[in-house]
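The following exercises are to be worked with the sequence and the coordinates at hand. Each task is followed by a solution in steps.

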Amino acid sequence: MADVIIVGAGPAGSALALGLARTGCSVVLLDGARFPREKLCGDFLNPRAVALLEELSVAGAVRARARLVERMRVVCGSGVGFTAWYPKGAAGLAIPRSELDAVLVAQAAAARGVEFLEGVRAEDLLFEDGRVCGVYVRLRAGGRTALRAPITVGADGRHSVVAHRLGLIHKDRRHRKMALGARYELAPVEAGTAEVFLAPRAYAIVNYLADGTANLSLVADQQEIAVARGEWHGAWRRLLARFPDLDRRLDGALPAGPMRVLGPMAQRAARAHFPGGLLVGDAAGFYDPFTGEGVCAALECARMAAPVIVGALASGGLERLSEYERVRRRALAGRFRLQRALQAVIQSQRAARACVGALARMPAAAAGLLAWIGDARRAVRAPARESGCCGT
Ligand SMILES: Cc1cc2nc3c(=O)[nH]c(=O)nc-3n(C[C@H](O)[C@H](O)[C@H](O)COP(=O)(O)OP(=O)(O)OC[C@H]3O[C@@H](n4cnc5c(N)ncnc54)[C@H](O)[C@@H]3O)c2cc1C
């Protein structure tokens with residue numbers, strides 16, 4: 001029997017498996033998907049996420065497939081905009097999630113003490129004496145079996161079976177946003193730049209990838225996207241018309257893959273710990289992709305969870321798992337407040353225009369805000385141009 005079962009091998013699950021393996025824990029890491037697998041995402045890693053990948057010894061492999069993001073261009077309506085740079089020595093990366101997650105999961109699967117079960121889906125939780133003691137999984141060959149461990153971790157994303165079975169998930173009734181995503185064959189206007197476009201009750205994020213394509217995500221209120229009832233291309237065209245500069249840029253650009261849709265996105269777990277386990281990454285809650293820090297938060301959660309799990313296993317006192325709740329809240333509360341404040345601003349086009357106009361006049365403030373959002377102060381070792389990125 002392993003010490004820990006981790007359900008979900010996205011960034012949160014793979015990073016936690018790696019962190020635990022380094023301390024000598026035995027881990028079963030399982031995922032319903034087979035890797036590489038696609039995931040609707042902006043494909044952006046902020047500077048802090050890059051630093052966390054460095055700690056996991058995968059940053060080199062990630063950079064080899066990535067494009068450097070040194071600055072962010074924010075445009076509101078037509079003609080109002082600013083470009084902010086990350087602090088000297090810090091930068092983000094643009095890499096398709098299929099590639100990032102495949103690198104992480106390969107590293108985790110190769111780690112001593114980790115057994116990786118691919119294409120194996122958790123269907124339910126196993127309980128004993130009022131606490132979770134494992135999962136029931138659907139076997140690839142059909143049928144299902146029980147896997148047991150002292151600690152079970154839900155790293156299974158926004159639709160977490162672990163969190164749902166425990167009745168921990170609350171949907172956010174006020175922030176009901178959905179996302180549409182697609183790739184285009186499109187080169188960046190300025191090297192090393194990602195772009196954010198703001199429009200009334202919608203925004204668009206463009207991230208340029210190393211293979212010459214651009215990842216475009218459109219985010220809007222649920223009713224505006226859901227009303228399309230599967231006619232996603234119609235919803236896409238209607239939304240895109242709100243971003244005239246971007247719409248013009250895409251004129252004639254070829255789509256480079258299928259369109260994906262997702263949402264409503266915002267939800268949170270009442271608690272990120274439970275008798276016998278923890279929730280990490282999106283399984284513990286997700287608000288909005290605007291700040292592009294979901295992968296960073298997932299890696300950060302894994303980093304906080306590993307020592308708590310090791311401590312609980314060593315002492316045999318599983319109630320110590322509640323310590324994770326405290327450290328997680330302390331580390332992430334400020335970021336959640338910032339996300340909510342930014343959403344309040346961009347909901348109103350007038351407020352967004354005023355803010356973007358003010359930041360255009362104050363480049364130091366714009367750079368400070370970008371550094372804060374990307375947690376660039378804690379980007380311990382920044383990616384350097386010569387370190388093997390595919391391009392800028
Ligand atoms: C439109 C959009 C754009 C975004 N853009 C960005 C961005 O640019 N940068 C950024 O940092 N973040 C972004 N995010 C957020 C980011 O995608 C998530 O925060 C991140 O993927 C969370 O990682 P995770 O490991 O918690 O979950 P996931 O990446 O969702 O991984 C969960 C894993 O669990 C597996 N799984 C699920 N259920 C089961 C089950 N029952 N049994 C076994 N396995 C299971 C899945 O197959 C999956 O591999 C974006 C999100 C959205 C919606």
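**Exercise 1.** Is D375 buried or exposed, and how many other C-beta atoms lie within 10 Å?

*Solution.* The model is a predicted one, in which local features need pLDDT of at least 70, side-chain atom pairs count only at pLDDT 80 or more, and totals for chains, interfaces and linings use all residues. Residues are numbered from 1 along each chain as its sequence is written.

Step 1. A residue is buried if 20 or more other C-beta atoms, placed from the backbone, lie within 10 Å of its own, exposed if 12 or fewer, and partly exposed in between.
Step 2. D375 has 21 other C-beta atoms within 10 Å, and is therefore buried.
Step 3. D375 lies in the segment after α12 (363-373); helices (H or I, at least four residues) and strands (E, at least two) are DSSP runs, numbered from the N terminus.

**Exercise 2.** Determine the sign of phi at D375 and at S57, and the exposure of S57.

*Solution.*
Step 1. Most residues other than glycine have a negative phi.
Step 2. D375 has a positive phi near 50°, and S57 has a positive phi of about 65°.
Step 3. S57 is in the loop between α2 (47-55) and α3 (59-63). S57 counts as exposed because it has 11 C-beta neighbours inside 10 Å.

**Exercise 3.** Locate the cis peptide bond between G263 and P264, then relate P264 to D288.

*Solution.*
Step 1. The bond joining G263 and P264 is cis, with omega about 0°, and P264 belongs to the loop between β18 (260-262) and β19 (267-269).
Step 2. D288 is 24 residues from P264 in sequence, and their C-alpha atoms are 9.7 Å apart.
Step 3. D288 sits in the loop between β22 (285-286) and α9 (294-315). D288 is partly exposed, since it has 19 C-beta neighbours inside 10 Å.
Step 4. Leaving aside residues up to four places away in sequence, D288 touches H175, K177, M265, A266, Q339 and Q343 (contact: C-beta atoms, placed from the backbone, within 7 Å).

**Exercise 4.** Examine the course of α10 and its buried residues.

*Solution.*
Step 1. Helix α10 (residues 323-347) has 25 residues and should span 36 Å at 1.5 Å a residue, which agrees with its end C-alpha atoms being 36 Å apart. The expected span is 1.5 Å times one less than the number of residues.
Step 2. At L332, α10 bends by about 45° (the angle between axes fitted to the seven residues ending there and the seven starting there).
Step 3. Y324, R328, Q339 and I346 are the buried residues of α10. Their cover includes α9 and α11 (349-361).

Terms used. Contact = placed C-beta atoms within 7 Å.
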